[in-house]
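Here are a few notes to read alongside the model. Have it open and follow each point in turn.

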Amino acid sequence: MSLNIIGIAFTADATAALVSDGVLVAAIGEERLNREKLWKGVPRKAIDKVLEIGGLKLSEIDFFAVHGAPTSPDKTAFEAAFQRIREADISEALREHQLQQIQQRLDHETFVCEERTPAIIRELESLGRPVITFPHHEAHAASAYYASGWDDCITVTADGWGEDASGTIWSCSNGKMEHISTTPTIDSLGYFYGAITKSLGFIPHRHEGKVLGLAAYCSDPKSYGEIGNMVSADVEGAKFVGHAENGLFAPTYDSPPLVDFIQNYSREDVSAAAQKRLEEVVCELISSLSNTPKRFALAGGIFANVKLNQRITELDNVSDVYVFPCMGDGGLAVGTAWLAYVEKTGKNPVPPKSMLLGMTIEDDEVVAALEKSGLPYERPENLAHSVADLLADGSVVVRCNGAMEYGPRSLGNRSILYKANDPSANEWLNDRLKRSEFMPFAPATLIEDAPELYHNLDKARVPANYMTMTFDCTEKMCQDAPAAVHIDKTARPQLVSKELYPEFHEILEHYKSLTGFSSVVNTSFNMHEEPIVGDASDAIRAFVASGLPYMALGDYLVRQPDGV
C-alpha cells in the first residue's frame, strides 16, 4: 500500500508537493496558478494540481505535512540584544528606536507562532486529512539534505525568518539530521540584506538580485566600515549575529537609520559593501564547521545569492556543494513531505532526478488556446531544429513546453531564448519585458562544452544544472556569450544535458551546429513582476504582451500577427 503525502508551504511562494513512497512526484507554487507573485496561504489550487498529476484523490492522501510546528523558543537571545542596546554608546533617540525594533520582532514572532500559523494549520485540517507539523528550518534542511543524495554532509539554512529562527546548522549522516545550532530571528541575515535592498529603493524579498548585480560595479566600497558592523559570525556558537546595538541593523526591512546613512554613498557602493559582508560572515562560519573537506548542503532564501554560493565552493574545507533548487520558502513543501516520510517509514526519500515537477503542456490544451487566440501557428516536422534555426538567425524565441519547472529558475521549459553573443540584448530585451536588471541574462550551455567555458565546476556540478551558482568564465565564454557574462566575468549557467533536458539539449545542439556557439540566453518567461507562466493560456497572454516574434508552445510554432 502506497504512502502518499502532500507537503505544504504557506508563507511567501505557497506551494504544494506530492511525495508517494518517498518519490517526489509533483511540486507547484500557487502563484503559477492564481498569477499572484509570492502568494501566501493554503495553496488549494496547487493541492488540486499535484493530485491531478499524481492521479490521486484527496481521500488517498495519508497526511498533509506542513511547517509551523509549535515551539517553546528560548528568549534569552532577545534579552541579550536588549541588554547590548541599553549599554551601547549611541544616542538616546537611536537607543529607543532600536529597542522598539527588537520588541516589535518579539511581538510579531509571538503572534505568528501562537495565532497566525495555528490558524493556517486549522484551515489545512479542515480539508479532512491528518496534518503533521515540523519546524520551518528543519524542513529547509531536509529539502537540501535528502535531495542531495549524500549520505554524509553538513547542512546550513539561512533566510529572513521562519517561526523562531532565521538559520540552522545540522550534521547529517545515514539519513539522520542532528541539530547543531540555531540563529534567532533577531539576528537574521535575510533582514540584513533585505533592509539594504529596501533602503536602496527596491522591494525586499523580491529584488535582492538587483543588489547582487549592482555589487559588481564597485570594488572598494567606502560604506563597508559601517555596513560591515551590522552582522557577524559567532564561530563558537555556530550562528550568525545581528548587531542592533551599532545602530544600523534591525530585524526588519524598515531601518530609517540605515536609509539616512546610505544617502552619502552610491547604490553600487552600498550594494558592494552588503554583498562583501554577507560573503565574509557566511564563509567565516562555514569555514569553522570542519577542519577537513566536507560536503555542504544549503537551503533558505539567503542561498538564492548565487555569488555567495560560489564563494562557499572556494573554501578549503568544502569538497562539494548542493543548493536545493527551490531554496526559498516554496522548498518547505518538499522538506516537510520528506520529513513526514522519514518519520513514518524510517527510510530515506528518493533524491529527485530533475526539477521539472509541474503541470505538462498537453496538445489538446495548446490547440484550444491557439484557436481561441487567433494567432498564426504551424506544427513543424522538427520543432527543436526550427527553434534553433530562428535563434541562429537572430530571433527571440519563447519556449513553453513539457513539465513546468519547480522553483524560481526557468530551465528551458518556460523560458525566453536568444543568442548570447549579442551584448546589447540586456538593454533592449529587458526594456521589452519591462524589467530593470543589473545582472546579465543567464546562459543555458551544452553540458558537454562546459569545461572549456567555466572554471571550477568540480565542486558544484549539480548546482550548475539549476542556475543556483555563479562560476568564473573562461576567455572563450566571455567572447562567445557577452550577453550572459557579468562585469566581473562570472555567469550563472544552466548546464543542459540530454538526460535531464532532452528537447532543450537538441535545440542547443542544433544551434551549435549552425553557429559554433554552445550557449544561449535563457531568461524566465514572464512579464515584469508576474510569476513565470504556467499553462498554455498564460503563455499566449504573456507572448502577446511581450511582442516577441516567436513562441514554441507544445509541439507548435506560434508567431505574432503580421504588423506586430
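1. Start with one pair of residues: threonine 168 has threonine 182, in β8, as its bridge partner. Keep in mind as you look that this is a predicted model. The two strands involved, β7 (residues 165-173) and β8, run antiparallel and are joined by 7 bridges.

2. Now zoom out to the sheet. It is an open one of 5 strands, in the order β8-β7-β6-β11-β12, and its pairing is mixed. If "mixed" puzzles you, remember that strands of a sheet pair through backbone hydrogen bonds, either parallel or antiparallel.

3. Which strands stand at the edges? They are β8 (176-183) and β12 (318-323); each has a single partner strand, so one side of each is left without a neighbour in the sheet. On average, neighbouring strands here are turned by 20 degrees against each other, direction ignored.

4. Something lies across this sheet too. Helix α5 (residues 136-148) crosses β6 (152-162), β7, β8, β11 (294-299) and β12, and runs at about 145 degrees to β6.

5. Next, hop over to strand β15 (residues 397-400), where both faces are covered. Val397 and Arg399 are on one side, Val398 and Cys400 on the other, and all are buried. Don't skip past Arg399: this arginine is among the buried residues.

6. What does β15 pair with? One partner is strand β17 (residues 414-419), antiparallel over 4 bridges, with valine 398 opposite isoleucine 416. Another is strand β23 (residues 550-553), which runs parallel to β15 and is joined to it by 4 bridges. There, cysteine 400 stands opposite leucine 553.

7. Loops deserve a look as well. Proline 221 is in the loop between α7 (208-215) and α8 (224-227). Is proline 221 buried or exposed? With 9% relative accessibility, it counts as buried, because the cut-off for that is under 20%.

8. So what is around proline 221? Leaving aside neighbours within four places in sequence, proline 221 is in contact with Asp269, Ala272 and Ala273. Valine 270 is 49 residues away from proline 221 in sequence, yet the two are 6.8 Å apart in space, C-alpha to C-alpha.

9. Last stop, the surface. Val23, Val25, Ile53 and Val350 make up a nonpolar patch there, with about 250 Å² of accessible area together. One of them, isoleucine 53, sits in helix α2 (residues 44-54). Its relative accessibility is 32%, so isoleucine 53 counts as partly exposed.

Note on methods. Residues are numbered from 1 along each chain as its sequence is written. This is a predicted model: local features need pLDDT of at least 70, side-chain atom pairs count only at pLDDT 80 or more; totals for chains, interfaces and linings use all residues. Side-chain values use heavy atoms; hydrogens and water are left out. Patches are made of residues with over 30% relative accessible area and no salt bridge: like charges are joined within 9 Å, nonpolar side chains (Val, Leu, Ile, Met, Phe, Trp, Tyr) within 5 Å. Accessible areas come from the Shrake-Rupley method with a 1.4 Å probe; for residues, only the protein chains shown count as cover. A salt bridge is a side-chain nitrogen of Lys or Arg within 4 Å of a carboxyl oxygen of Asp or Glu. Buried means under 20% relative accessible area, exposed over 50%, partly exposed in between (1.4 Å probe, protein chains only). Two strands pair if DSSP finds at least two bridges between them. Axes are lines fitted to C-alpha atoms, for helices over the stretch in contact, and angles run from 0 to 180 degrees between N-to-C directions. Contact means heavy atoms within 4.5 Å.
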